[in-house]
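Subject: Structure handover

Hello,

Here is the structure I promised to pass on. Please open it and keep it beside this email while you read.

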Amino acid sequence: MHVTHLSLADFRSYARAEVPLDPGVTAFVGPNGQGKTNLVEAVGYLATLGSHRVSSDAPLVRMGADRAIIRAAVTQGERSQLVELELNPGRANRARINRSSQVRPRDVLGIVRTVLFAPEDLALIKGDPGERRRFLDELITARSPRMAAVRSDYERVLKQRNTLLKSAAMARRHGGRSMDLSTLDVWDQHLARAGAELLAQRLDLIATLQPLADKAYEQLAPGGGPLGLAYRSSAGEALDAVLGTAVRSPREELYEALLGALAGARKQEIERGVTLVGPHRDELLLRLGDLPAKGYASHGESWSYALALRLASYDLLRSEGGEPVLVLDDVFAELDARRRERLAELVAPGEQVLVTAAVDDDVPDVLVGARYGVSGGEVTRL
């Protein structure tokens, strides 16, 4: 799969941009702050409905504009599609496929698939658990776009449940009449149902990703592993009893385990006014050798670990049908010479590789392909 044309309107720094793209390597080169990352960020947004740099859509709309448009022509095998997203901060985003009548934004998921390497990836190793949950969930959705609906359902139920718990906690603290919490049982069931599906997908992903990540790390840093990927659930012993020594578990048993854990935590949740059990509180634990990667891995080891997770993601998606677009956003400047060359050799055969760099020298020689200069909001083929 590859993108053959990218069009932007009022996206980030671009009033307008039209960028034809070829298979193979394309490098966007120019000084920092000129808009290189904005181009690959737009491609990534089509794949995930989110940015790797910001958590909301508002910064993606050019100052003074009320909306932004990302449009891409995509080819996979003999099939070509045109996908478009209209970003409307504060209002519902809109989507079109092949210029047809509007579809839901999540309906475009799966048309463009990307694996993105960026300086922000260090947060996978050094950041808080939310970064690692996001990594898992975005990869889950890339594997199975229907999971976008499951994730949305889970977030909706979680928000409703938290509102009820917060109201109960406030009433209790201020000595008011105790609230009727009979509906909490219903929210528990909905949360456990969506949570079990999300949890099952995460556990399956970790089991599948482990050997691929080990292989990738060995390629980047020979003799430096092994890696360890493990899942720690907020359901605690309730989930441990289900999993035993197996990684995969039937969804119905996960559902029952989450229901039991929610029941056990209810008193504490009412006191604190927040949901304490569920995938939103879980953690992906990363080990390097016998030690936790966070806090013990060196800067170079952390980079290699993060890159290994991304390379493993790429190998996984490629094995399940259709190569994703590889995006390397200002990565090579962060690596030493050895890691730079190893990474370049590993990604060079990709069907489409998009690279950003401040100077030509930051692009390894093995990555031969098209070059664009980016300066002052202009994108020029060199």
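Leucine 49 is partly exposed, because its relative accessible area is 27%. Find it in the loop between α1 (36-48) and β4 (68-76). Its phi is positive, about 60°, although leucine 49 is not a glycine. Bear in mind that this is a predicted model.

Arginine 12 also has a positive phi, near 55°, and it too is a residue other than glycine. Look for arginine 12 in the loop between β1 (2-11) and β2 (14-20). Is arginine 12 buried or exposed? Its relative accessible area is 17%. Buried means under 20%, so arginine 12 counts as buried.

Arginine 12 turns up again beside glutamate 41, since the two are in contact. Glutamate 41 sits in helix α1. It is buried, with a relative accessible area of 1%. Leave aside neighbours within four places in sequence, and glutamate 41 touches Phe11, Arg12, Ser51, His52, Arg53, Val54 and Leu60. Aspartate 107 is 66 residues from glutamate 41 in sequence. In space the two are 19 Å apart, C-alpha to C-alpha.

The whole chain

Now step back. The chain has 382 residues, and 51% of them count as buried. Its secondary structure comes to 9 helices and 14 strands. Along the principal axes, the C-alpha atoms fill a box of roughly 70 × 50 × 40 Å.

How does the radius of gyration fit a compact globule? With 382 residues, such a globule would have a value near 21 Å. The chain has 22 Å, which agrees.

Contacts tell you about the fold too. Take those in the chain with a separation of 6 or more. Residues 24 or more positions apart account for 69% of them.

The chain exposes about 17,200 Å². Carbon and sulfur atoms supply 49% of that area. As for charge, there are 49 positive and 51 negative side chains. The centres of the two sets lie 6 Å apart.

Salt bridges

The structure holds 23 salt bridges. Three of them are described here.

Start with glutamate 269 and arginine 161. Their side chains meet in a salt bridge, at 2.8 Å from N to O. Glutamate 269 lies in helix α7 (residues 251-272), and arginine 161 lies in helix α4 (residues 147-173). The pair therefore ties together parts that are 108 residues apart in sequence. Both glutamate 269 and arginine 161 are buried. They also belong to a network of salt bridges that links Arg161, Asp185, Asp188, Arg266 and Glu269.

Next comes arginine 193, which forms a salt bridge with glutamate 252. The closest N and O atoms are 3.1 Å apart. Which helices does this pair join? Arginine 193 is in helix α5 (residues 184-220) and glutamate 252 is in helix α7, so the bridge ties together parts 59 residues apart in sequence. Arginine 193 has 42% relative accessibility and counts as partly exposed. Glutamate 252 is partly exposed as well, with a relative accessible area of 43%.

The third pair is aspartate 315 and arginine 318. Their closest N and O atoms are 2.9 Å apart, and they form a salt bridge. Both residues are in helix α8 (residues 299-319). They are 3 residues apart there, so about one helical turn separates them. Aspartate 315 is buried, at a relative accessible area of 17%. Arginine 318 is partly exposed, at 37% relative accessibility.

A charge without a partner

Finish with arginine 340, in helix α9 (residues 337-347). It is buried, yet it has no salt bridge. What is the nearest side chain of opposite charge? It is aspartate 362, 4.2 Å away. A salt bridge needs the nitrogen and the carboxyl oxygen within 4 Å, so this pair does not count as one. Aspartate 362 still touches arginine 340. Not counting residues up to four places away in sequence, the other contacts of arginine 340 are Phe332, Ala333, Leu335, Asp361 and Pro364.

Best wishes

Key. Residues are numbered from 1 along each chain as its sequence is written. This is a predicted model: local features need pLDDT of at least 70, side-chain atom pairs count only at pLDDT 80 or more; totals for chains, interfaces and linings use all residues. Side-chain values use heavy atoms; hydrogens and water are left out. Helices (H or I, at least four residues) and strands (E, at least two) are DSSP runs, numbered from the N terminus. Buried means under 20% relative accessible area, exposed over 50%, partly exposed in between (1.4 Å probe, protein chains only). The radius of gyration is taken over C-alpha atoms; the globule rule is 2.2 Å times the number of residues to the power 0.38. Contact means heavy atoms within 4.5 Å. Accessible areas come from the Shrake-Rupley method with a 1.4 Å probe; for residues, only the protein chains shown count as cover. Lys and Arg count as positive and Asp and Glu as negative; His and the chain ends are not counted. The place of a charge is taken as NZ of Lys, CZ of Arg, CG of Asp or CD of Glu.
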